[in-house]
Amino acid sequence: MSSAATLITVAPTGAEVAKSDAPQLPTTLEELVETAVRCEAAGASMIHLHIRDADHRPTLDHGLLKASVDAIRETTDLVVQLSTGGSVHDPLDLRLTVLDAEPDSCSLTCGTTNFGDDVFLNPWPFVVQLYRQSVEREIVPEFELFDLGHVAALRRLLDTEGLPYGGAVHVDLVTGVPGGMPGTAQAVAAAVSMLPPQVTSWSATGIGRTHLPVLAAALGGGGHLRVGMEDNLVYAKGRPVQHNDELVSRAAEVATILQRPPMTTTQARELLHVKR
Ligand code: KMH
Ligand code: ZN
């Protein structure tokens, strides 16, 4: 399951940070495209996308989602993953409609988690429904696991529903969310030790100050990386992130030093078994 090259996913925006709190957050289509181009050049091969409306608020508007997928495909070769998690306020039925925008990949969180003061809701019937629809639409899910219970839920899902579209099973361990598993090397190792046998690759991300320890743990453990302003707004103490490509560049640099250089987009497609 460990890999010579590193898949670097950039999650540039997210749905929980306000533009007014982080003016460098890419929220317009132009900013997203510019970000995608620069992050691909810096070593990313997949983008995990949330979009915003004209007021910079999170939206799951179909037209905007489709336009964003199309624009990023036109300007980059990145694997385009749309978030089906949306924001903590998005209703489940609307989150299912994200697949209508026909991304290469979609996030699929395997259970409910406390999310700071909020709840990120993923009841089991919703998880199964989203999974079945991803298979029907030939979209490769990335299983987002915020807790060890989600690892067990993934095993249940794969055992009862079979393999996803494409046959590869890629997991992202999201650590350091207040309410989920901590952003530590120990938590990453525990989650990896519990992964079901169908899993073919895994990445990890650490929220906030857990970003770097988790990056190091993932690379050392043979995993891949997710970085970006969705997860972390601070490059170093007292120094805010100015652009997502800084986080990608640093991840690529560390990965290269560890003899795990960034994957090309072609290698990422082969790893994930996406359709196009
Ligand atoms: N915004 C979080 C509540 C995902 O993209 O699938 C959920 C999230 C996960 O960001
Ligand atoms: Zn997300």
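What follows is a short walk through two helix contacts and a ligand site.

This is a predicted model, in which local features need pLDDT of at least 70, side-chain atom pairs count only at pLDDT 80 or more, and totals for chains, interfaces and linings use all residues. Residues are numbered from 1 along each chain as its sequence is written, while chains are lettered from A and ligands numbered from 1 in the order in which they are written. The protein averages a pLDDT (the predictor's confidence in each residue, from 0 to 100) of 98. The complex has an ipTM of 0.99 and a pTM of 0.98.

Start at helix 1, residues 29-42. Helices here are DSSP runs (H or I, at least four residues), numbered from the N terminus. Helix 8, residues 244-257, packs against helix 1 at about 15°, with the axes 8 Å apart. Axes are lines fitted to C-alpha atoms over the stretch in contact, and angles run from 0 to 180 degrees between N-to-C directions. The two helices are therefore roughly parallel (angles under 35 degrees). Helix 1 contributes Thr35, Arg38, Cys39 and Ala42 to the contact (C-beta atoms, placed from the backbone, within 7 Å). Helix 8 contributes Asn244, Asp245, Val248, Ser249 and Ala252. By class, that makes 4 nonpolar, 3 polar and 2 charged residues.

Now take helix 2, residues 62-75. Its axis comes within 10 Å of that of helix 1, crossing at roughly 35°. Leu29, Leu32, Val33, Ala36 and Val37 of helix 1 meet Ala67, Ser68, Ala71, Ile72 and Thr75 of helix 2. This contact has 8 nonpolar, 2 polar and no charged residues.

Last comes ligand 1. Ala15, Ser83, Gly85, Ser107 and Phe120 come nearest among its 13 surrounding residues (C-beta atom, placed from the backbone, within 6 Å). The shell has 4 nonpolar, 7 polar and 2 charged residues. In these counts, Ala, Val, Leu, Ile, Met, Phe, Trp, Tyr, Cys and Pro are nonpolar, Asp, Glu, Lys and Arg charged, and the others, Gly among them, polar.

Technical notes
Angles under 35 degrees count as roughly parallel, over 145 as roughly antiparallel, 65 to 115 as roughly perpendicular and the rest as oblique. Two residues are in contact if their C-beta atoms, placed from the backbone, lie within 7 Å.
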